[in-house]
Amino acid sequence: MAIQPLIPASTFSSCCYNNPTLFCTNSNGVGFYKFTSSLHSHHGSVPKTNQSLPRLCYLPTHFSKSGNGCSWIQHNSLCHSVAASDGCYRGPICYALPTKPAEISTVEDLFDFICSGPLIEKMGLSSQNVVDSIDKWLAYGSYLCRLFKFNEMELTIPQKARFYHYYIPVFLWCEDQISQHYSMFKEGEEIPPLVIGFSAPQGCGKTTLVYALNYLFEVTGRKSAMLSIDDFYLTAEGQAQLRESNPGNALLEFRGNAGSHDLGLSVETLTALSKLTKEDEGLKMKIPRYDKSAFNGRGDRADPSTWPEVEGPLTVVLFEGWMLGFKPLPTEAVTVVDPQLETVNNNMKAYYDAWDKFIKAWIVIKINDPSCVYHWRLQAEIAMREAGKPGMSDEEVRDFVSRYLPAYRAYLPTLYSEGPSGSDPKRLLVVEIDEQRNPILGY
């Protein structure tokens, strides 16, 4: 079967985004690929076949030596704002990463790489499924290259793995969840947006994942909203009151643990978002945001004038947070980890009604060692300081993270074994990642 080379990202962006149907060649005039500019349909010239493409190469799915931090992003100014909020640091630690472009130059090579990903089996995808949808994979990959300003012909293996082994498979899973959500309503009924919850430890890359998914929804013609539990932290004044009400409890001295959130604002916001249906087309609302850099890193709610605005009708709400889905435990189960957790555990009893009951599909990003959070958080603060924003010192980061670790040790085992609070096992995707934030397993 004839396989055409992938076109460079620069050619794709200059041709395929501006013309309805094009037959493109690369800068050397070698090979061509045909797309339509419709955001709902990209028809590639990859021929369909009843037989799977031959697997020409087998590439590793575990890239533990790809570097630390946000290892797949290198020298990319556009991602600085994402990294600053997400825990991705591209300082000297990233300069030692492999810079040789991945050995991928044809659609067939890319097909083999896609099929080697750790999430394919969990997605229920066969090699034939990938063949039949290769045009979508190519289009989504090109969109992500455009978003992160990468040349798709010169992706490093960590970058390529992040797109084709992680972001695109998760996006396809989200699309399937949306289809299931829509199927639950009768014709003519107003369909609220699907709320997908992302439960993942701090700094593991969930914000960048949600950022990428939001963009893919945007370019495929679906309106989405991004939301974080961080958006619902108490104001600086509210945090001070919480601290004064719990003297000596280090877990409630700063923002983070259950009790430090404005649950009324959570309910108000999620309820309003659920009403942005077709009936309210064109209706706009502002979403709260939190400024972590305020008060020398202690944080405060951002001024409402700076809150982003979303417009209905919404298809999906992407809601992420480090403690989403945590379940209250028997008192003795938490006090054995840390006696100070008893108050936090009691506070958590109100969180299901404020957060989890709105979530109908879940993505849990699993880690093996909570101590990774310290290193990831340190990278985030370094990135904030490099961006010219106030950030915590290394010692302050260590102290800050130490206030989260008891909750991780107490609640993560139950989250991983039982799933999030109120979740449907059929609507749950668990992605296990390594210390470099690369997926190594999906189930």
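A residue is called buried when its relative accessible area is under 20%, exposed when over 50%, and partly exposed in between (1.4 Å probe, protein chains only). Helices (H or I, at least four residues) and strands (E, at least two) are DSSP runs, numbered from the N terminus.

The model is predicted: local features need pLDDT of at least 70, side-chain atom pairs count only at pLDDT 80 or more, and totals for chains, interfaces and linings use all residues. Residues are numbered from 1 along each chain as its sequence is written, and side-chain values use heavy atoms, with hydrogens and water left out.

**Exercise 1.** Determine how many residues of strand 3 are buried, and identify the strands to which strand 3 is joined.

*Solution.*
Step 1. Strand 3 spans residues 194-199, and 6 of its 6 residues are buried, so the strand is largely enclosed by the rest of the structure.
Step 2. In a regular strand the side chains alternate between the two faces of the sheet. Here Leu 194, Ile 196 and Phe 198 point one way, while Val 195, Gly 197 and Ser 199 point the other way.
Step 3. Two strands pair if DSSP finds at least two bridges between them. Strand 3 is joined by 6 bridges to strand 9 (residues 316-321), and the two run parallel. Within this pairing, Phe 198 stands opposite Glu 320.
Step 4. Strand 10 (residues 361-366) also runs parallel to strand 3, with 4 bridges between them. The bridge partner of Ser 199 in strand 10 is Val 364.

**Exercise 2.** Locate the partners of the salt bridge between Glu 311 and Lys 223, and classify their exposure.

*Solution.*
Step 1. A salt bridge requires a side-chain nitrogen of Lys or Arg within 4 Å of a carboxyl oxygen of Asp or Glu. The structure holds 10 salt bridges; in one of them, Glu 311 and Lys 223 meet at 3.8 Å, N to O.
Step 2. Glu 311 belongs to strand 8 (residues 309-311), whereas Lys 223 lies in the loop between helix 8 (206-219) and strand 4 (224-228); the pair, 88 residues apart, links distant parts of the chain.
Step 3. Glu 311 has a relative accessible area of 32% and is therefore partly exposed. Lys 223, at 35%, also counts as partly exposed.

**Exercise 3.** Describe the salt bridges Arg 377 to Glu 381 and Asp 399 to Arg 403.

*Solution.*
Step 1. Arg 377 and Glu 381 meet at 2.6 Å, N to O. Both lie in helix 14 (residues 372-386), 4 residues apart, about one turn of the helix, and both are buried.
Step 2. Asp 399 and Arg 403 meet at 2.5 Å, N to O. Asp 399 is partly exposed at 34% relative accessibility, but Arg 403 is buried at 10%.
Step 3. Glu 253, Asp 399 and Arg 403 are linked in a network of salt bridges.
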